[in-house]
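Me: Could you take a close look at one part of this structure with me? I'd like to see how charged side chains pair up there, and what surrounds them.

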Amino acid sequence: MELTFQERLIKVQTELKAPKGQFNSFGKYKYRNCEDILEAVKPLLNKYGLALMLTDSIEEVAGVLFVNAKAKVWDNEGTSVEVTAQAGIDPDKKGMDISQTFGSASSYARKYALNGLFLIDDTKDADATNTHDKSSSGVKTGKTALPKSGASFTKVKDYLSKGGSIEEVRKKYQITKQVEELLLS
């Protein structure tokens, strides 16, 4: 029996392991970039007969420039799903020329579009909210607090909408009552 588009996408999301192949020597942390994700996902897309395309557009709202990146996956029957993510552009950033500021914003936005599409959890990355394994009461839980928005929140909300269990989410995340209400609404 052939898998549906949704079943194949779920397989890719489940099997994808995108290691944090980069190291920030200033902050002393590992992270993954867009290229790390693409390197890990290409064999799975091939395995499940799916294609991926990344596109960018430059937009301006209220005088703020940003990159709007789109990650789209489709199959040979034309069934598709896409996710967008944005990143601001600072054309006056010190130490970068204009092309570098646009390229940096593009890479950042594409990374987060891929995170959303493939349900990659970046809650422990330096640019995500980090509670240093402490709950709001100050008790160490060994779990990361789930924020009320962002990539990890969207990932969990999608998981629950597809029949996932809130109990399984609680095993992985520290969840406030407010966040749980938002997840289940």
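Reply: Start in helix α5, where glutamate 167 and arginine 170 sit three residues apart, about one turn of the helix. An α-helix has 3.6 residues a turn, so residues three or four places apart point the same way. Keep in mind that you are looking at a predicted model.

Now look at the ends of those two side chains. Glutamate 167 and arginine 170 form a salt bridge, with 3.7 Å between the closest N and O atoms. Side chains of opposite charge can pair when their charged atoms come close. How exposed are the two partners? Glutamate 167 has 45% relative accessibility, so it counts as partly exposed. Arginine 170 is also partly exposed, because its relative accessible area is 32%.

Arginine 170 has another partner: its side chain meets that of glutamate 180 in a salt bridge, at 2.6 Å from N to O. This pair links distant parts of the chain, since glutamate 180 belongs to helix α6 and arginine 170 to helix α5, 10 residues apart. Put the pieces together and you have a network of salt bridges linking Glu167, Arg170 and Glu180.

Next, see what packs against these helices. Helix α4, residues 151-161, has buried residues Ser152, Phe153, Lys155, Val156 and Leu160. They cover an arc of only 160° around the axis, which means that they lie on the same side of α4. What do they pack against? The buried residues of α4 pack against α5 (166-172), β7 (173-174) and α6 (177-184). So both helices of the network, α5 and α6, are among the packing partners of α4. Just after α4 comes glycine 163, which has a positive phi, near 95°.

For another example, go elsewhere in the chain. How many salt bridges does a search of the whole structure find? The search finds six. One salt bridge is between arginine 110 and aspartate 56, whose closest N and O atoms are 3.1 Å apart. This pair, too, links distant parts of the chain: arginine 110 is in helix α3 (residues 98-118) and aspartate 56 in strand β3, 54 residues apart. Arginine 110 is partly exposed, with a relative accessible area of 23%, and aspartate 56 is partly exposed as well, at 32% relative accessibility.

Strand β3 (residues 51-61) runs antiparallel to strand β4 (residues 64-74), and 11 bridges join the two. There, threonine 55 stands opposite lysine 70 in β4.

Note on methods. Residues are numbered from 1 along each chain as its sequence is written. This is a predicted model: local features need pLDDT of at least 70, side-chain atom pairs count only at pLDDT 80 or more; totals for chains, interfaces and linings use all residues. Side-chain values use heavy atoms; hydrogens and water are left out. Buried means under 20% relative accessible area, exposed over 50%, partly exposed in between (1.4 Å probe, protein chains only). Helices (H or I, at least four residues) and strands (E, at least two) are DSSP runs, numbered from the N terminus. The arc is that of the directions from the helix axis to the C-beta atoms. Contact means heavy atoms within 4.5 Å. Two strands pair if DSSP finds at least two bridges between them. A salt bridge is a side-chain nitrogen of Lys or Arg within 4 Å of a carboxyl oxygen of Asp or Glu.
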